[in-house]
Amino acid sequence: MEAIKFQNTVHHDRILIAFIFLFVDLSLCSPSQTQGELPYMTSDVKEVAGKSFDYIVVGGGTAGCPLAATLSEKFSVLLIERGGSPYGNPWVMEKRYYGFSLIQTDEFSSVAQDFKSADGVRNCRGRVLGGSSAINGGFYSRASEDFIDKVGWDKELVKDAYTWVESKIVSIPELTPWQTVVEFGLLEAGILPYNGYSLEHIEGTKIGGSIFDVWGIRHTSADLLKAANPKNIVVVLNATVKNIIFEGNGNASETTVKGIRFIKSDGTTDQTYEAYLNQPKNCTSNGDVILSAGALGSPQILLSSGIGHREHFKKFSIPHVLNLKGVGKKMKDNPSIAVLVDTNPQNRLPDPPQVSGIAKDLKFIIEGGIIPTGFNATRMPIAAKIAFPVSEGELKLSSTDPRQNPSVKFNYLGDENDLDDCANMVHLLERVAKSESIAFYLGVKPQNNLMTSTDGQRKFCKANVRTYYHYHGGCTVGSVVDNDYKVYGVKGLRVVDGSTFLESPGTNPMATLLMLGRYQGVKILREREH
């Protein structure tokens, strides 16, 4: 432990910075909450049935809301969301109820929808306006420079899009006592340097941004709809898209989108409704149906519409439209390991992560929180994830009911490289969880009994792998969509969400998905100007 004590002494001045965030009034650092009113929202599907719009955005989630808001600046937009409104729901909106939405779920109406992968790992997805930004920990951190270079985005436009989001919904957090202790534990384990407050994805320990403001109110992606042109946008809630409608032009060489077919989320699959794209005289400037339904929802909608590998549709008698083999492929979820540092459940106030340790050339991400396991019980996990897993799986339809989860397998730790990485990650995770800082806070003696056997660590990984909720893929760039997020072989169809990612950016993908919605919206507006 002497080396660790030496590191703490050397970086003592940096660590003290953390305490500033406990005492400074940060109300001036909160985002502006007065940028406008929310647009018109309805759960009456008949209000939009049979109508036409320039753009139809499917999924009012992390990417869909900023995308729809941006497009509405100049065009008519229908934003269709399968869940309800987050507003007025304390389990969504208030930090003190963080995690409660994940412990009470049902099949068709809860704001979080449970699913279990074929690997046997429990997971969840957002089912509410705001998507997963309405149920997650709210930690906001940008993608790395390397990620932006790899995907080939316009760096200036990326910066502008991040800034646009941050000015509206991101705050500098006031560290809770537990988050300060986690921060010390990360530094004690050697996750250096100490970077203080930073939105950048860089090696070391840092405080990230938060979509919880200093009063503990969550600002989901739905808040970005306040920036929309209210005259140009309609938001339909509790409506689930069943499939895409194509033009029956008889031209086999070109598949053109006409609109969408949807149902009431609490209705039957037999009662369907339709909405269409406007058909302007200048055919070259048609709008698009844009899928922003997430890494499960978007490939599910494509498959339900007959777009995917030909063999997949026989079982469900779905007419085959386009043989696009990449749909549902390259599904990845970042393998995670969590250890509990408390010995028994207690009734503490839930505490989402505000601090992150980023180590091993950005490969390992470690955070800690306090999560509810029941309405009167919480646990204190320290969790880590592998940022760049090699293992990948596949998504398939399990039903023609669009409200049912598709079948997905991620093949966690299926590649030996991932298993080796997990073993190394467990070693670092243990050093954080058994640090003197955390032991002192919990009032227990520090433990030095770390696992030393690589074989033991690998077995521990296999037995305890879980999700970090950052699953992605299924409609990846280069396989299903091009660099403009247009679906190959289809006119008038794009996908803009985490299903297009080959890897999950940053500590978590929320910031980059929020940015991507704005970024692609601005790009489309610029395209239409020419």
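## Strands, sheets and cores in a two-domain chain

T255 stands opposite V490 in strand β27. This pair belongs to a predicted model, and strand β13 is a useful place to begin reading it.

**Strand β13 and its partners**

Strand β13 covers residues 255-264, and seven of its 10 residues are buried, so the strand is largely enclosed by the rest of the structure. With strand β27 (residues 490-491), β13 pairs in the parallel sense over two bridges. Strand β12 (residues 239-246) runs antiparallel to β13 and is joined to it by seven bridges. Strand β14 (residues 273-277) also pairs with β13 in the antiparallel sense, over four bridges. Strands of a sheet pair through backbone hydrogen bonds, either parallel or antiparallel.

The table gives one pair of opposite residues for each of several strand pairings.

| Strand named | Residue in that strand | Residue opposite |
|---|---|---|
| β27 | V490 | T255 |
| β13 | I263 | T240 |
| β14 | Y276 | G259 |
| β11 | V236 | T42 |
| β19 | G357 | T205 |

**Two open sheets**

One open sheet is formed by six strands in the order β1-β11-β4-β3-β15-β28, with parallel pairing. Its edge strands are β1 (41-42) and β28 (493-495), and each of them pairs on one side only. β1 meets strand β11 (residues 233-236) in the parallel sense over two bridges, and T42 has V236 of β11 opposite.

Another open sheet has seven strands, ordered β8-β9-β19-β20-β23-β18-β26, and its pairing is mixed. At its edges stand β8 (194-197) and β26 (466-467), each with a single partner strand, so one side of each is left without a neighbour in the sheet. Within this order, strand β9 (residues 204-207) and strand β19 (residues 355-359) run antiparallel and are joined by four bridges.

**Nonpolar cores**

The largest nonpolar core has 129 residues, of which W153, F262, L302, I382 and L493 touch the most other members. Helix α12 (residues 510-529) supplies the largest share of this core, with 10 residues. At least three residues of the core come from each of domain 1 and domain 2.

What surrounds F262, leaving aside its neighbours within four places in sequence? F262 is in contact with V45, V48, I80, A239, T240, V241, K242, Q271, T272, Y273, E274 and A275. A second, separate core has nine residues, including L102, C124, V128 and A134.

**Helix α9**

Helix α9 (residues 416-433) has 18 residues. From its first C-alpha to its last it reaches 25 Å, close to the 26 Å expected at 1.5 Å a residue. At the start of α9, a side-chain oxygen of D415 comes to within 2.8 Å of the backbone nitrogen of N417. The buried residues of the helix include the charged D418, D421 and E430. Also buried in α9 are L419, C422, A423, M425, V426, L428, L429, V432 and A433.

**Two domains**

The domain assignment divides the chain into domain 1 (41-171 + 216-332 + 391-407 + 470-529) and domain 2 (174-207 + 335-386 + 413-464). Taken over C-alpha atoms, the centres of the two domains are separated by 31 Å. Across the boundary, 23 residues of domain 1 are in contact with 28 residues of domain 2. The largest nonpolar core also draws on both, with at least three residues from each.

Note on methods: Residues are numbered from 1 along each chain as its sequence is written. This is a predicted model: local features need pLDDT of at least 70, side-chain atom pairs count only at pLDDT 80 or more; totals for chains, interfaces and linings use all residues. Side-chain values use heavy atoms; hydrogens and water are left out. The expected span of a helix is 1.5 Å times one less than its number of residues. Buried means under 20% relative accessible area, exposed over 50%, partly exposed in between (1.4 Å probe, protein chains only). A polar contact is a pair of N or O atoms within 3.5 Å; within protein, one must be able to donate a hydrogen and the other to accept it, and residues adjacent in sequence count only if both atoms are side-chain atoms. A nonpolar core is a set of buried Ala, Val, Leu, Ile, Met, Phe, Trp, Tyr and Cys residues joined through side-chain atoms within 4.5 Å. Domain bounds come from an automatic or database domain assignment. Contact means heavy atoms within 4.5 Å. Two strands pair if DSSP finds at least two bridges between them.
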